[in-house]
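Visitor: I'd like a tour of a protein, please, and I'll keep asking how you know what you tell me.

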Amino acid sequence: MPPARDPGRTAGAPSRPLAAALAAGTVLLDGGLSNQLEAQGCDLSDALWSARLLADGPGQIEAAHTAYLRAGAQVLITASYQASFEGFRKHGTGRAEAAALFARSVELARRAAGAVDRDVWVAASVGPYGAVTADGAEYRGRYGLTVRELERFHRPRIEALAAARPDVLALETVPDVDEAQALVRVAGECGLPVWLSYTVAGDRTRAGQRLEEAFSLVDGEDLVVAAGVNCCDPADADAAVRAAAEATGKPVVVYPNSGERWDAEGRRWAGGATFDPGRVRAWQSAGARLVGGCCRVGPATIAELAALLGEGRSTPEPGER
């Protein structure tokens, strides 16, 4: 049973900005939301993926957040990665209801955070355009859209998430410098802190741009509190962390996949896991201050990272992996 919350603190609200915490040391992210939801028995075969549960199973999302809190996570990423007004509309959800679902994604994470007596930051997930097409395009980039067109697509969803007052916007799994430019520009209109995280292959973005070019985009952007990579092979994260630190001078965010590969056509994961929590030491030495896991990295692995970082852990409940 968690300790009683200090009555002087607002439920779920951290005592300091994420940027201040990053300046003081390493902060632990959660892991993959979808794999934890599947471990809880949820069907994510719908094109909306985990975002469908914002309407159909909000309790499952809150339970998944709680599983990561038990493992020691200090940042919860919302279930809005694949959410969009266009995607909700295809499922018969009107604009007002869709806006409420965006807000619910933040509320669910905040409610889970309010059950523990420690700082927990809520990061509103803003996935790339390719995530919403649900065809694996986020692993290719270069959608044939201009920066302005991408801005028009992302603006309504960023505004809806920002209205719910998360602690930070997670501009994540970005495959392309053009989309990063659009996301950073639109997010800047909201005034919230953000982190920018590319998905990479080798020493380049998924669209083929050099990482030095990709990360230099946010050099001098004050609202960007961290830059780095996610949703990539763990082996590719090592060099990317160094590149992000050198190009931006900012704290680096890093949360790779398990090492398994996503087969977009077959809609399944293949290969074996290669995520080694021990890598966190090298990431820290290279400048990483916001660390965790992405797809197929579950509470048990986050608990291992927590132990390495000195955050402590509790034993995951049955079904949490």
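Guide: What follows is a chat about the whole chain and then about some single residues.

Guide: This is a predicted model, where local features need pLDDT of at least 70 and side-chain atom pairs count only at pLDDT 80 or more, while totals for chains, interfaces and linings use all residues. Residues are numbered from 1 along each chain as its sequence is written, and side-chain values use heavy atoms, with hydrogens and water left out.

Visitor: How many helices and strands does the protein have?

Guide: There are 13 helices and twelve strands. Both are DSSP runs numbered from the N terminus: H or I over at least four residues for a helix, E over at least two for a strand.

Visitor: How do you know whether the radius of gyration agrees or disagrees with that of a compact globule?

Guide: The rule for a globule is 2.2 Å times the number of residues to the power 0.38, and the radius is taken over C-alpha atoms. For 321 residues that rule gives a value near 20 Å, and the protein has 18 Å, so the two agree. Along the principal axes, the C-alpha trace spans about 50 × 50 × 40 Å.

Visitor: Why is Ser80 called buried or exposed?

Guide: Buried means under 20% relative accessible area, exposed means over 50%, and partly exposed is in between (1.4 Å probe, protein chains only). Ser80 has 0%, so Ser80 is buried. Of the 321 residues of the protein, 55% count as buried.

Visitor: Where is Ser80, and what does Ser80 touch?

Guide: Ser80 sits in the loop between β2 (75–77) and α5 (85–90). Leaving out residues up to four places away in sequence, Ser80 touches Phe102, Ser105, Ala124, Ser125, Arg157 and Leu161. To touch is to be in contact, with heavy atoms within 4.5 Å.

Visitor: What makes the link between the side chains of Ser80 and Thr78 a polar contact?

Guide: A polar contact is a pair of N or O atoms within 3.5 Å; within protein, one must be able to donate a hydrogen and the other to accept it, and residues adjacent in sequence count only if both atoms are side-chain atoms. The side chains of Ser80 and Thr78 make such a contact at 2.7 Å.

Visitor: Which residues does His65 touch?

Guide: Thr78 again, along with Leu33, Leu76, Ile77, Leu108, Ala109 and Ala112, not counting residues up to four places away in sequence. His65 belongs to helix α4 (residues 58–71), and at 0% relative accessibility His65 counts as buried.

Visitor: Why is Arg165 called buried or exposed?

Guide: Arg165 comes out at 52% relative accessibility, so Arg165 counts as exposed. You'll find Arg165 in the loop between α8 (147–163) and β4 (168–174). Phi of Arg165 is near 60°, a positive value in a residue other than glycine.

Visitor: And what about Thr173, buried or exposed?

Guide: Thr173 has 1% relative accessibility and therefore counts as buried. Thr173 lies in strand β4, and phi of Thr173 is near 55°, a positive value in a residue other than glycine.

Visitor: What do you call Ala134, at 26% relative accessibility?

Guide: Partly exposed, because 26% falls between the two cut-offs. Ala134 is in the loop between α7 (129–133) and α8. Ala134 and Asp238 are 104 residues apart in sequence and 28 Å apart in space, C-alpha to C-alpha.
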